[in-house]
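I opened a notebook page for this chain and wrote down what I looked up, entry by entry.

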Amino acid sequence: DYQILDEGADYQFSRSLLPLERHRAHITPISGLHHPHGLGHHHGCQKIWLTGGELGPGKRNTVSLDQLMAEKTAPLTRFSSLQLSNTGRSLSYNRDGIALPAETKPAEIFARLFEAPEGGIEKERQGLLRPGSILDAVLDEAHELEKKMGTEDRTRLDHYLTSVREVEIRTERANRWLDVPRPEVDEKTRRHLTREVSQGDPGAYFRTMYDLIILAFETDMTRVVTFSSGDEGKGLPVPELGINQTRHALSHHNGDPEQMDRLSQSDAFNFEQFAYFLDRLGEVEDEEGPLLDSTIALYGSGMAYGHSHGNANVPTVVAGGRKLGLKHGRHIDFNRGHFDGYN
């Protein structure tokens, strides 16, 4: 009941994955993936799920998959990528292994995407334009200081200078886009996405965040989005199902059948929200057809077994992307020691 047992096209959905059954033709569940460098606790897997990095003493994270994609698509869109989260903790890391900030409030995200800032475009331009480059102003002094530093301090200085340069690049991009009008959003959609929605109503909160992502893709404001709907230590309770424990508490079930059942219900609830996202991707079309066919969605976790903090066999589902060459409709199981591709 708790995992897919059959490989190939005739697999039976587990209890948790049942909400995705209506999307069978557009998804690929994958078993047998793991992170060999997990830290053995919740925060480690959050950091390396999209990076595959090795953390620990003397180690640092590396760039996340979404940011590699954003490097290719950034010149085409107003925002290179969006980082969304229910906790503020991002899944995204730059090339220096530094976490990018994440946004949590739908109304604030909508305003940043679709509303001109208070005071108008010219005030925003004045705020963006700075006399000269901050980095250039300190670069000579930084190089002199670097000669006197040890290896670890030089690495920290390099982190800082990289971060400054990234801010400047984002500022330059924002300035170039100031004269490009933001897309018009109809009043019904605006009211829906700017209303107060509490994480105490996780279904409404998740669907609102997914609707924001859909609108960002539909208007081509960005082509890369990450959304942490509850990292391994901060998964939301689901009061609409009578589940008042966090996912963290549920995962430490110690084999208790009732606790495991509630965990399965919580997982199914989260997959139902993801299924809603796929529904919406299938409904919204651009000139090339449904967004579902031109969008690749990855859903999963960096932890497989919360009770023992296990990083083996992490849950993974890939969806969409038919026009990008993806073929779906089967379960891939690397636990069986082989994968023969799509014959």
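Where is serine 80 found? I looked this up before anything else. Serine 80 sits in the loop between α2 and β2. The model I am reading is a predicted one.

Entry: serine 80. I listed the contacts of serine 80, leaving aside neighbours within four places in sequence, and got Ala70, Thr73, Ala74, Arg173, Thr222 and Val224. I also took a C-alpha distance: serine 80 and glutamine 67 are separated by 8.7 Å, with their positions 13 residues apart along the chain.

Entry: the whole chain. I noted 11 helices and eight strands. The chain has 343 residues, and 44% of them count as buried. I then turned to contacts with a separation of 6 or more, and found that residues 24 or more positions apart account for 65% of them.

Entry: the second largest pocket. I read its volume as about 1000 Å³. The lining is made of 36 residues, and the closest to the centre of this pocket are Ser80, Ser81, Glu166, Arg170 and Arg173. The serine from my opening question is therefore one of those closest to the centre, and Arg173 is also one of its contacts. I asked which elements give two or more residues to this lining, and the list is α2 (65-73), β2 (82-85), α3, α4 (120-128) and α6 (151-177). Helix α6 gives the most, with nine residues. By class, I recorded 18 nonpolar, seven polar and 11 charged residues in the lining.

Entry: α3 and α7. Helix α3 covers residues 106-114 and helix α7 covers residues 187-194. I noted that their axes come within 7 Å and cross at roughly 135°. That angle makes α3 oblique to α7. Which residues of α3 meet α7? I found Pro106, Ala107 and Phe110 on the α3 side, and Arg190, Leu193 and Thr194 on the α7 side. The contact has four nonpolar residues, one polar and one charged.

Entry: leucine 50. I located leucine 50 in the loop between α1 (42-48) and α2. Is leucine 50 buried or exposed? Leucine 50 is buried, because its relative accessible area is 12% and the cut-off for buried is under 20%. Leaving aside neighbours within four places in sequence, I listed its contacts as Val63, Ser64, Leu65, Asp66, Leu91, Thr226 and Leu298. I added that the C-alpha atoms of leucine 50 and serine 301 are separated by 9.5 Å, although the two are 251 residues apart along the chain.

Entry: aspartate 220. I found aspartate 220 in the loop between α8 (202-218) and β3 (225-228). Its phi is near 55°, a positive value in a residue other than glycine. I wrote a reminder beside this: most residues other than glycine have a negative phi. Aspartate 220 counts as partly exposed, because its relative accessibility is 30%.

Entry: arginine 262. I placed arginine 262 in helix α10, which covers residues 257-283. Its relative accessibility is 25%, so arginine 262 counts as partly exposed. Beyond its neighbours within four places in sequence, I found arginine 262 in contact with Ile243, Gln245 and Leu250. From C-alpha to C-alpha, arginine 262 and glycine 242 are 9.2 Å apart in space and 20 residues apart in sequence.

Technical notes
Residues are numbered from 1 along each chain as its sequence is written. This is a predicted model: local features need pLDDT of at least 70, side-chain atom pairs count only at pLDDT 80 or more; totals for chains, interfaces and linings use all residues. Side-chain values use heavy atoms; hydrogens and water are left out. Axes are lines fitted to C-alpha atoms, for helices over the stretch in contact, and angles run from 0 to 180 degrees between N-to-C directions. Helices (H or I, at least four residues) and strands (E, at least two) are DSSP runs, numbered from the N terminus. Angles under 35 degrees count as roughly parallel, over 145 as roughly antiparallel, 65 to 115 as roughly perpendicular and the rest as oblique. Contact means heavy atoms within 4.5 Å. Ala, Val, Leu, Ile, Met, Phe, Trp, Tyr, Cys and Pro count as nonpolar, Asp, Glu, Lys and Arg as charged, and the others, Gly among them, as polar. On a 1 Å grid over the protein atoms alone, a cavity is a set of points where a 1.4 Å probe fits but cannot get out, and a pocket is an open set with protein on both sides within 12 Å along at least five of seven lines; lining residues have an atom within 4 Å of a point. Grid points are joined across faces, edges and corners, and a volume is the space filled by probe spheres set on the points. Buried means under 20% relative accessible area, exposed over 50%, partly exposed in between (1.4 Å probe, protein chains only).
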